[in-house]
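Let's walk through the salt bridges of this model and see how exposed their partners are.

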Amino acid sequence: MIPAEIQSKHIPYKAPDAEASNANKQLKIINKFAQDFINLSSREELVHYVTQEVVAQTGFVDCVIYLLDVERNILVQTSAFGEKIDEHQNIVDAIEIPVGEGISGYVAENRKPVIVKNTREDERYIFDVVAGQSEICVPIISDDELFGVIDCEHPETNQFNQEHLSFLTTIATMLAARLREWNLMVELEKKRDELSRALSAAETSNKAKTDFFAAISHDLRTPLNAIIGFSELITQEIFGELKNKKYAEYVKDINTSSQHLLNLVNDILDISTLEVNRVDIYCENFDVKEAIKSSLKLLYGLLESKNITLQVDIPDDLPPIYADRHALKKIIINLISNSIKFTRPDGSISISASVSDRAHILKFQDNGIGISETLIGTITEPFTREVADPYCAGQEGTGLGLTIVKALTELHGGELKIYSKQNEGTIVYISLPRPLI
């Protein structure tokens, strides 16, 4: 017999065995949900599972899951069971509730669950399809991020208790964790798509830039080579003496300027192709000393013009270097050219080589004007030049030499290191890996 005091409060009485049985049932449902929800493939499938396979199996007669539309700050009915769905499992007359309105909106806004014993006495209640007389609502929340609410109603008053609240809160917490994970995955996928599109656009832009420079370089180099060739013929007076010596000076200036412009065009083409990784290297074993001697043949005139002493210290027993021969020569020429350019007359430059277990190390040292401390960290960036010393103002160059050296070195898997002090000189180390035997 049910005690009169319990009957008068309209609280359903449960015998201890019944309560234990219900608790075990809920525990089994939660355990099954914990196993299944990882395999659910979409947000819609997940919330449908919660309504149909979780809440519906515990004796609730009605349940609606509202998910938050963040942009509009509105709760949207997304899944349900009971009077809110038809025979095709579609929501009947789906409604939207602004956050802050109704019992569901109140829970969403305050992020705290509520139990309403009698909806007729609660002015927040919003009628929907079939009027319920009691209601329980819990927020779906994870790490203070709101995803929606789970809302259940019952046609009779006073039907929900702390046991129901504990169960729904547990389910809401698990649901929120999975929804948060999905949101992060969606955001990650979105960022990846944006990055992919940006990368594709950058690659297209770089290709267009490289193709443009290649075409322009070809169109410029062809007439420049002709100008250089003809000016050299005139300078050498192959077809007869230039009677006016002023013309000879002009022709020499034309030749010098054309050579400078040709070097500029070549540097720009080199850096544009390196930027888009369109340079292929073909590594082989060869003698470092021979590569250095071959490279220096192009620079002896510049060394003599400034009376700069060059010392080459390469051990005779140094093992062959493994590198791209053409790329290494370009590295050597750029570094020695830089040293000549920024070393005052009667200065000195040295080149040495050594080997470790893992790398060949080339050292280039001069006693030139050096690099300022403010610039040393960015000196390898394109078009960067030292301007702190007035001596630099009269030096020709594009500011691409060290950029090309760094790119070619890294293309080998090597490393470039620069140490410098103003008015004392610069030391550059090129480290190229040795192949594993």
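Glu 44 is partly exposed, at a relative accessible area of 46%, where partly exposed is the range between buried (under 20% relative accessible area) and exposed (over 50%), using a 1.4 Å probe and protein chains only. Its partner Arg 43 is partly exposed too, at 38%. The two side chains form a salt bridge with an N to O distance of 3.8 Å; the term calls for a side-chain nitrogen of Lys or Arg within 4 Å of a carboxyl oxygen of Asp or Glu.

A word on the ground rules: this is a predicted model, so local features need pLDDT of at least 70 and side-chain atom pairs count only at pLDDT 80 or more, while totals for chains, interfaces and linings use all residues. Residues are numbered from 1 along each chain as its sequence is written, and side-chain values use heavy atoms, with hydrogens and water left out.

Now to Glu 145 and Arg 180, whose side chains meet in a salt bridge at 3.6 Å, N to O. This pair links distant parts of the chain, 35 residues apart: Glu 145 sits in strand β6 (residues 145-154) and Arg 180 in helix α5 (residues 162-235). Helices (H or I, at least four residues) and strands (E, at least two) are DSSP runs, numbered from the N terminus.

Glu 284 and Arg 325 make another salt bridge, at 3.5 Å, N to O. Glu 284 is in strand β7 (residues 283-286) and Arg 325 in helix α9 (residues 325-341), so the bridge ties together parts 41 residues apart in sequence.

Elsewhere, Asp 69, Arg 72 and Glu 96 are joined in a salt-bridge network. The overall count is 14 salt bridges.
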